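Please walk me through this structure, starting from its charged side chains and ending with the sheet and the helix that covers it.

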Amino acid sequence: MRELEAVRKALDLGLEVRSFSIGEITVEFRDAGSWAVLDGRHCLNRDGGWEREPLPSSRTDEFMSRCRFSLDEAVELAAAAHKASTR
């Protein structure tokens, strides 16, 4: 996948990648190697649904396990969400 290759290349060069977009879908680094897939103020969850992202102090462990992904997962899900939104 082109997007993932570009991000990996940037990371390999020592560049800091905090966010990038695939169409209107944004992938953002959160912490400890976790990434969020966003459409505006909504996060994609593991069930494929969108939910409003709470303020950091209100994010529960359950929310984090539903809505945080590895880089590979986040890019794959963002690409799929972008493709679905352009149909």
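In this predicted model, the side chains of Arg68 and Glu53 meet in a salt bridge, with 2.7 Å from N to O. A salt bridge here is a side-chain nitrogen of Lys or Arg within 4 Å of a carboxyl oxygen of Asp or Glu. Arg68 sits in the loop between α2 and α3 and Glu53 in the loop between β5 and α2, so the pair ties together parts that are 15 residues apart in sequence. Both Arg68 and Glu53 are buried, where buried means under 20% relative accessible area, exposed over 50%, and partly exposed in between (1.4 Å probe, protein chains only). Through shared partners, salt bridges join Glu28, Arg30, Glu53, Arg59 and Arg68 into one network.

Arg30 also meets Glu53 in a salt bridge, at 2.8 Å from N to O. This pair links distant parts of the chain, with Arg30 in the loop between β2 and β3 and Glu53 in the loop between β5 and α2 (61–67), 23 residues apart. Arg30 is buried, as is Glu53. The salt bridge between Arg18 and Glu16 has 3.7 Å from N to O. Arg18 is partly exposed, at 43% relative accessible area, and Glu16 is exposed, at 65%. The count of salt bridges comes to 8.

Two conventions apply to these values. Residues are numbered from 1 along each chain as its sequence is written, and side-chain values use heavy atoms, with hydrogens and water left out. Because the model is predicted, local features need pLDDT of at least 70 and side-chain atom pairs count only at pLDDT 80 or more, while totals for chains, interfaces and linings use all residues.

Next comes the sheet. Its 5 strands form an open sheet in the order β1-β2-β3-β4-β5, with antiparallel pairing. Helices (H or I, at least four residues) and strands (E, at least two) are DSSP runs, numbered from the N terminus, and two strands pair if DSSP finds at least two bridges between them. β1 (19–22) and β5 (50–52) stand at the edges with a single partner strand each, so one side of each has no neighbour in the sheet. Neighbouring strands are turned by 35 degrees against each other on average, direction ignored; axes are lines fitted to C-alpha atoms, for helices over the stretch in contact, and angles run from 0 to 180 degrees between N-to-C directions.

At one edge, 4 bridges join β1 to β2 in the antiparallel sense, and Ile22 stands opposite Ile25 in β2. The two strands form a hairpin with 2 residues between them, and Gly23 in the turn has a positive phi of about 65 degrees. Along β1, Phe20 and Ile22 point to one face and are buried, whereas Ser19 and Ser21 point to the other and are not. At the other edge, β4 (residues 42–44) pairs with β5 over 3 bridges, and Cys43 has Glu51 as its bridge partner.

Helix α3 (residues 71–85) lies across β1, β2, β3, β4 and β5, running at about 35 degrees to β1. Buried in α3 are Leu71, Ala74, Val75, Ala78, Ala79 and Ala81. Seen down the axis, the buried residues fall within an arc of 165 degrees, so they line one face of the helix; the arc is that of the directions from the helix axis to the C-beta atoms. They pack against α1 (2–12), β1, β2, β3 and β5, with contact meaning heavy atoms within 4.5 Å. On the other side of α3, Glu76 and Lys83 are exposed.
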